[in-house]
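Please open the structure in your viewer and keep the selection tool at hand. The tour below proceeds from one stop to the next, stating at each what to select and what is found there.

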There are 2 protein chains.
Amino acid sequence: MLTSYNKEDKILLALDCIIFGFDKNDLNILLIKRDFEPEKGKLSLIGGFLKQSEHLDEAANRILFTLTGIQNVYMEQLYTFSKVDRDPGERTLSTAYYALINIEEHNEQLNQQFAAQWYSITEAPELIFDHNEMVDKAISRLRRRAISKPIGFELLPEKFTMKQLQKLYEAILDEKQDKRNFINKINSLDVLVKLNEKDMTSSRKGSFLYQFDKEKYDAKVRDGFTFKI
Amino acid sequence: MLTSYNKEDKILLALDCIIFGFDKNDLNILLIKRDFEPEKGKLSLIGGFLKQSEHLDEAANRILFTLTGIQNVYMEQLYTFSKVDRDPGERTLSTAYYALINIEEHNEQLNQQFAAQWYSITEAPELIFDHNEMVDKAISRLRRRAISKPIGFELLPEKFTMKQLQKLYEAILDEKQDKRNFINKINSLDVLVKLNEKDMTSSRKGSFLYQFDKEKYDAKVRDGFTFKI
DNA sequence: ACTATAAGTGTTAATTTTACATTTTCACAA
DNA sequence: TTGTGAAAATGTAAAATTAACACTTATAGT
């Protein structure tokens, strides 16, 4: 086929993944010590380059898997960063993706053979290039999403307590929630099932475990309900 | 400087601009008849290619200016589209940008020498490649933005009537608004100045003109107020 | 001066959001 | 066995916001 584009510039396109995990009280992100120049040894997001015949979504998953062993994670495209000198090594753009994962569930995958590690976002480690900017943008996107979609459940174990859910939302939104109002709100959404099981690790009384009911949620969305915390 | 990226693929990166304008009752977008292959003669967004040493934001403005004569428009990045066969001519990604402009104000710029024309989004013309998908995404972004930022004012003349503002929001949100509630809401935001002038073209009684007070708005935002229609 | 037409204006009910404190349960220690 | 400490569970009333709704006013043109 004839193409008319042959005098246009071709450019390196990187991808960087902001992987959020939640651990008791804190939002964490997965970072890696960069083992090649430039900026070798500094902390970086999980990143790599797009191949010629790859969809960005695929590339993001390939890169995540290659560097962490984690797979089958739903990632969402965040933004394409394009400052001319953003990478001192060579001119590259980078499309950032972000995802939420449940730390425990993926810790088997993320084992010793990978250099990636969890860092609390409250400690805000300094990253190479424009990666801090990427993280900031991801956090604000996460906040916006968290109040309009039940996105947070991805960060919790399958069974969780109301307290854990509340802590999670407090971490994402970075603000305290009133316990009773929070529980009432969640219950009114009617997308959780209360199990006949208690978590006994946090108190003598024990607290009931809940599960997110995806089918119920999907059905409600179909009927035009909007989730809003 | 030494670079370690030399075995990575380089890729063509296009940009496409979704330019919204508003005209009495309808949201419009600016489209162009494509004058080169592939898909020559079909309708397309305003598009072009990123150059090696250009920021995406710059490129979007350059492309818009080149194809329409319109300049100094604030465009926001929307999404990067990357289906492998999205352009049958050659493998390209495309980063979409969108902007809101005031049709009258830019019609002098957009003169005969340019092929770009306004099309109502309600007529939903069929576009090349994945451009319809881009437009859909831009519209939903626009809706989300419109209820949380006073973004709509960019689409109106400097002086406008409440009726025009209401029509605009009805077009963006695609739903009727109650006249009294709408006006009360807008007034309670307290970011408009009522002028001592009337627009006499639409009724015998005439209707007062208003102006958006950007300084007042910025000051309020600084004090932590959130605009929400 | 009459008429036709769009502009302009407020109130009440319904819903949602916020603030807030006591009782319950149970493991463990005495 | 009884008592104690610690977290879990629970409801209501006030405040704020949103939604529904219809008549009066101003004016140009006849």
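**First stop: chain A as a whole**

Select chain A, which has 229 residues, 50% of them counted as buried. The model on the screen is a predicted one. Colour chain A by secondary structure, and six helices and 10 strands should appear. Along its principal axes, the C-alpha trace of chain A spans about 65 × 40 × 30 Å. Consider next the contacts in chain A between residues at least 6 apart in sequence: 64% of these join residues at least 24 apart.

**Second stop: E170(A)**

Now select E170(A), which lies in helix 4 of chain A, residues 162-173. Is E170(A) buried or exposed? Its relative accessibility is 13%, so E170(A) counts as buried, the cut-off for that class being under 20%. Leaving aside residues up to four places away in sequence, E170(A) touches E175(A), K176(A) and Q177(A). Add T66(A) to the selection and display the C-alpha distance: T66(A) and E170(A) are 32 Å apart in space and 104 residues apart in sequence.

**Third stop: the two chains together**

Display chain A and chain B side by side. Two copies of a chain are related by a rotation about an axis and a shift along it. Here, a turn of 180° with a shift of 0.0 Å along the axis lays chain B on chain A with an RMSD of 0.1 Å. The copies are therefore related as by a two-fold rotation axis. Of the interface residues of chain B, 100% are also interface residues in chain A, so the copies meet through the same surface.

**Fourth stop: T92(B)**

Select T92(B), a residue of strand 6 of chain B, residues 92-101. With a relative accessible area of 2%, T92(B) is buried. Which residues does T92(B) touch, not counting those up to four places away in sequence? They are Y5(A), L12(B), F49(B), K83(B), R86(B) and D87(B). With R86(B), the side chain of T92(B) makes a polar contact, side chain to side chain, at 3.0 Å.

**Last stop: two helices of chain B**

Finally, select helix 3 (residues 131-148) and helix 4 (residues 162-173) of chain B, which pack at an angle of about 140° with their axes 9 Å apart. These two helices of chain B are therefore oblique to each other. Show the side chains at the contact: helix 3 of chain B contributes L142(B), R143(B), A146(B) and I147(B), and helix 4 of chain B contributes Y169(B), I172(B) and L173(B). Six residues of this contact are nonpolar, none is polar and one is charged.

Terms used:
Residues are numbered from 1 along each chain as its sequence is written. Chains are lettered from A and ligands numbered from 1 in the order in which they are written. This is a predicted model: local features need pLDDT of at least 70, side-chain atom pairs count only at pLDDT 80 or more; totals for chains, interfaces and linings use all residues. Side-chain values use heavy atoms; hydrogens and water are left out. Axes are lines fitted to C-alpha atoms, for helices over the stretch in contact, and angles run from 0 to 180 degrees between N-to-C directions. Helices (H or I, at least four residues) and strands (E, at least two) are DSSP runs, numbered from the N terminus. Angles under 35 degrees count as roughly parallel, over 145 as roughly antiparallel, 65 to 115 as roughly perpendicular and the rest as oblique. Contact means heavy atoms within 4.5 Å. Ala, Val, Leu, Ile, Met, Phe, Trp, Tyr, Cys and Pro count as nonpolar, Asp, Glu, Lys and Arg as charged, and the others, Gly among them, as polar. Buried means under 20% relative accessible area, exposed over 50%, partly exposed in between (1.4 Å probe, protein chains only). A polar contact is a pair of N or O atoms within 3.5 Å; within protein, one must be able to donate a hydrogen and the other to accept it, and residues adjacent in sequence count only if both atoms are side-chain atoms. Copies are superposed by least squares on the C-alpha atoms of residues with pLDDT of at least 70 in both.
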